[in-house]
Amino acid sequence: MSGLVDKIYRHPLIHVFTDSTITGVSGYVGNFTTTVKTGWMVKEMRHGVTVIATGAGEYKPTEYLYGKDDRVLTQLELGERIAKGEERVSNAQSVVMIQCVGCRNDDRNYCSRVCCSHSIKNALKLKGINPQMDIYVLYRDMRNVWVQ
Ligand code: SF4
(Lines give C-alpha, C1' and ligand atoms only; values in the text may rest on other atoms or scores of the structure.)
Protein backbone atom coordinates (compact mmCIF):
# COMPACT_ATOMS: atom_id res chain seq x y z
CA MET A 1 0.00 0.00 0.00
CA SER A 2 2.76 2.47 0.88
CA GLY A 3 4.31 1.87 -2.59
CA LEU A 4 1.00 2.73 -4.22
CA VAL A 5 0.61 5.88 -2.09
CA ASP A 6 4.13 6.89 -3.08
CA LYS A 7 3.33 6.38 -6.78
CA ILE A 8 0.25 8.58 -6.49
CA TYR A 9 2.12 11.39 -4.73
CA ARG A 10 4.90 11.29 -7.34
CA HIS A 11 2.64 11.09 -10.41
CA PRO A 12 2.96 14.32 -12.42
CA LEU A 13 -0.76 14.34 -13.34
CA ILE A 14 -2.17 13.59 -9.88
CA HIS A 15 -2.40 16.38 -7.31
CA VAL A 16 -3.21 15.41 -3.74
CA PHE A 17 -4.57 18.03 -1.33
CA THR A 18 -4.65 17.27 2.38
CA ASP A 19 -5.94 19.51 5.19
CA SER A 20 -7.74 21.45 2.48
CA THR A 21 -11.18 22.90 1.99
CA ILE A 22 -13.20 23.14 -1.19
CA THR A 23 -14.39 26.74 -1.19
CA GLY A 24 -16.19 26.83 -4.51
CA VAL A 25 -17.59 24.60 -7.22
CA SER A 26 -19.31 25.66 -10.41
CA GLY A 27 -19.96 24.37 -13.90
CA TYR A 28 -21.46 21.24 -15.30
CA VAL A 29 -20.44 17.79 -16.52
CA GLY A 30 -17.45 18.23 -18.80
CA ASN A 31 -16.67 21.73 -17.54
CA PHE A 32 -16.28 22.11 -13.77
CA THR A 33 -14.27 24.70 -11.87
CA THR A 34 -13.30 23.89 -8.30
CA THR A 35 -11.46 26.13 -5.86
CA VAL A 36 -9.39 24.52 -3.11
CA LYS A 37 -7.90 26.39 -0.15
CA THR A 38 -4.89 24.92 1.63
CA GLY A 39 -3.71 27.17 4.45
CA TRP A 40 -3.26 30.57 2.79
CA MET A 41 -2.93 29.09 -0.73
CA VAL A 42 -5.92 29.07 -3.05
CA LYS A 43 -5.92 26.97 -6.22
CA GLU A 44 -8.54 26.94 -8.94
CA MET A 45 -8.83 23.83 -11.10
CA ARG A 46 -10.78 23.14 -14.26
CA HIS A 47 -11.90 19.55 -14.78
CA GLY A 48 -14.45 17.57 -16.73
CA VAL A 49 -15.39 14.89 -14.20
CA THR A 50 -15.95 14.87 -10.45
CA VAL A 51 -15.84 11.68 -8.38
CA ILE A 52 -17.16 12.13 -4.85
CA ALA A 53 -15.86 9.36 -2.60
CA THR A 54 -17.09 10.00 0.92
CA GLY A 55 -16.31 6.60 2.41
CA ALA A 56 -18.82 4.57 4.36
CA GLY A 57 -19.31 2.68 7.58
CA GLU A 58 -20.57 -0.84 7.82
CA TYR A 59 -24.07 -1.32 9.22
CA LYS A 60 -24.00 -3.15 12.56
CA PRO A 61 -27.22 -5.15 12.60
CA THR A 62 -29.74 -5.29 15.39
CA GLU A 63 -31.33 -8.22 13.59
CA TYR A 64 -30.64 -11.97 13.44
CA LEU A 65 -28.88 -12.24 16.85
CA TYR A 66 -25.94 -10.10 15.75
CA GLY A 67 -24.04 -9.12 18.91
CA LYS A 68 -25.81 -11.84 20.89
CA ASP A 69 -24.44 -14.96 19.21
CA ASP A 70 -20.76 -14.94 18.23
CA ARG A 71 -21.50 -17.10 15.20
CA VAL A 72 -23.36 -14.18 13.61
CA LEU A 73 -20.95 -11.94 11.69
CA THR A 74 -21.01 -9.16 9.15
CA GLN A 75 -19.39 -9.88 5.80
CA LEU A 76 -16.41 -7.67 6.73
CA GLU A 77 -15.91 -9.60 9.95
CA LEU A 78 -16.21 -12.90 8.08
CA GLY A 79 -13.64 -11.68 5.55
CA GLU A 80 -11.21 -10.80 8.36
CA ARG A 81 -11.62 -14.24 9.93
CA ILE A 82 -11.10 -15.96 6.58
CA ALA A 83 -7.93 -13.89 6.06
CA LYS A 84 -6.67 -14.85 9.53
CA GLY A 85 -7.31 -18.51 8.71
CA GLU A 86 -9.59 -19.08 11.70
CA GLU A 87 -10.32 -22.79 11.93
CA ARG A 88 -13.78 -22.22 13.31
CA VAL A 89 -14.65 -20.52 10.04
CA SER A 90 -12.74 -22.77 7.63
CA ASN A 91 -14.03 -25.95 9.31
CA ALA A 92 -17.66 -24.88 9.41
CA GLN A 93 -20.03 -27.40 7.84
CA SER A 94 -22.40 -24.74 6.60
CA VAL A 95 -22.69 -20.98 6.32
CA VAL A 96 -25.81 -18.92 5.69
CA MET A 97 -25.44 -15.42 4.27
CA ILE A 98 -28.44 -13.13 4.66
CA GLN A 99 -28.41 -10.27 2.17
CA CYS A 100 -29.90 -6.78 2.48
CA VAL A 101 -29.98 -6.80 6.32
CA GLY A 102 -31.01 -3.32 7.49
CA CYS A 103 -31.18 -2.10 3.93
CA ARG A 104 -33.76 -1.58 1.20
CA ASN A 105 -36.44 -0.95 3.81
CA ASP A 106 -38.37 2.11 4.99
CA ASP A 107 -35.42 3.37 7.11
CA ARG A 108 -32.78 2.88 4.43
CA ASN A 109 -34.44 2.72 1.10
CA TYR A 110 -31.35 2.08 -1.00
CA CYS A 111 -28.97 -0.65 -2.07
CA SER A 112 -25.35 -0.31 -0.96
CA ARG A 113 -24.22 -2.08 -4.15
CA VAL A 114 -21.27 -3.68 -2.37
CA CYS A 115 -22.53 -6.47 -0.12
CA CYS A 116 -23.65 -8.89 -2.86
CA SER A 117 -20.15 -8.78 -4.34
CA HIS A 118 -18.66 -9.18 -0.88
CA SER A 119 -20.82 -12.23 -0.18
CA ILE A 120 -19.82 -13.88 -3.43
CA LYS A 121 -16.17 -13.13 -2.76
CA ASN A 122 -16.37 -14.65 0.75
CA ALA A 123 -18.40 -17.63 -0.49
CA LEU A 124 -15.82 -18.38 -3.19
CA LYS A 125 -12.97 -18.05 -0.69
CA LEU A 126 -14.71 -20.39 1.75
CA LYS A 127 -15.35 -22.91 -1.04
CA GLY A 128 -11.67 -22.66 -1.99
CA ILE A 129 -10.64 -23.43 1.60
CA ASN A 130 -13.27 -26.07 2.28
CA PRO A 131 -15.05 -27.40 -0.83
CA GLN A 132 -17.35 -29.57 1.34
CA MET A 133 -18.87 -26.55 3.08
CA ASP A 134 -22.53 -25.87 2.30
CA ILE A 135 -23.07 -22.17 1.64
CA TYR A 136 -26.53 -20.67 1.37
CA VAL A 137 -27.08 -17.10 0.20
CA LEU A 138 -30.55 -15.72 1.01
CA TYR A 139 -31.11 -12.83 -1.35
CA ARG A 140 -33.75 -10.56 -2.85
CA ASP A 141 -31.74 -9.69 -5.96
CA MET A 142 -28.15 -10.47 -6.68
CA ARG A 143 -26.68 -7.07 -7.51
CA ASN A 144 -23.19 -7.99 -8.38
CA VAL A 145 -21.32 -5.10 -9.93
CA TRP A 146 -17.79 -6.16 -9.13
CA VAL A 147 -16.03 -9.23 -7.77
CA GLN A 148 -12.40 -9.03 -6.71
S1 SF4 B 1 -29.06 -6.19 -3.10
FE2 SF4 B 1 -27.01 -6.91 -2.51
S3 SF4 B 1 -25.73 -5.10 -2.64
FE4 SF4 B 1 -27.86 -4.38 -2.53
S5 SF4 B 1 -28.28 -4.03 -0.37
FE6 SF4 B 1 -28.95 -6.10 -0.86
S7 SF4 B 1 -27.17 -7.39 -0.32
FE8 SF4 B 1 -26.42 -5.28 -0.51
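Modeller: Let's start with one yardstick: a residue is buried under 20% relative accessible area, exposed over 50% and partly exposed in between (1.4 Å probe, protein chains only). E77, at 18%, is buried. Before we go on, this is a predicted model, where local features need pLDDT of at least 70, side-chain atom pairs count only at pLDDT 80 or more, and totals for chains, interfaces and linings use all residues. Residues are numbered from 1 along each chain as its sequence is written, and side-chain values use heavy atoms, with hydrogens and water left out.

Biologist: Fine. In what order do the three strands of the open sheet run?

Modeller: Strands here are DSSP runs of E with at least two residues, helices are runs of H or I with at least four, and both are numbered from the N terminus. Two strands pair if DSSP finds at least two bridges between them. In this model, the three strands form an open sheet in the order β1-β2-β3, paired antiparallel. At the edges sit β1 (21-28) and β3 (41-47), each with a pairing on one side only.

Biologist: By what angle are neighbouring strands turned against each other?

Modeller: On average they are turned by 15°, with direction ignored. The axes are lines fitted to C-alpha atoms, for helices over the stretch in contact, and angles run from 0 to 180 degrees between N-to-C directions.

Biologist: Over how many bridges does β1 pair with β2?

Modeller: Seven, in the antiparallel sense. For a spot to click on, S26 stands opposite T33 in β2. Strand β2 covers residues 31-38 and pairs with β3, also antiparallel, over seven bridges. There, K37 faces V42 in β3.

Biologist: And which glycine has a positive phi in the turn between β1 and β2?

Modeller: That's G30, with a phi of about 95°, in a hairpin that has two residues between its strands. The hairpin of β2 and β3 has two residues between the strands as well, and in it G39 takes a positive phi near 60°.

Biologist: Now the charges. How many salt bridges does a search of the whole structure find?

Modeller: Count a salt bridge when a side-chain nitrogen of Lys or Arg is within 4 Å of a carboxyl oxygen of Asp or Glu. The search finds seven. One of them joins R10 to D6, with the closest N and O atoms 3.0 Å apart. R10 and D6 are four residues apart in helix α1, so about one helical turn separates them. R10 is exposed at 64%, while D6 is partly exposed at 36%.

Biologist: Which residues are joined into one network by salt bridges that share partners?

Modeller: Take it pair by pair. E58 bridges to K60 at 3.1 Å between the closest N and O atoms, and K60 bridges to E77 at 3.2 Å. K60 is in the loop between β3 and α2 (75-84), and E77 is in helix α2, so this pair ties together parts that are 17 residues apart in sequence. With K60 as a shared partner, E58, K60 and E77 make one network. As for exposure, E58 is partly exposed at 30%, and K60 is partly exposed at 44%.

Biologist: What about greasy spots? Which residues make the nonpolar surface patch?

Modeller: Patch members have over 30% relative accessible area and no salt bridge; nonpolar side chains (Val, Leu, Ile, Met, Phe, Trp, Tyr) are joined within 5 Å, and like charges within 9 Å. Areas come from the Shrake-Rupley method with a 1.4 Å probe, and for residues only the protein chains shown count as cover. Here M1, L4, V5, I8, Y9, I14 and V16 make a patch of about 680 Å². V5 is in helix α1 and is partly exposed at 37%. I14 belongs to the loop between α1 (2-10) and β1, and it is partly exposed at 38%.

Biologist: Where does H15 lie?

Modeller: In the loop between α1 and β1. H15 counts as exposed at 54%. From H15 to Y110 it's 95 residues in sequence and 33 Å in space, C-alpha to C-alpha.

Biologist: Last one: how many disulfides does the count come to?

Modeller: A disulfide is a covalent bond between the sulfur atoms of two cysteines. The cut-off used is a pair of cysteine sulfur atoms within 2.5 Å. By that rule, the count is zero. For cysteines to look up, C111 is partly exposed at 24%, and C115 is partly exposed at 32%. C103 lies 33 Å from V5, C-alpha to C-alpha, and 98 residues away in sequence.
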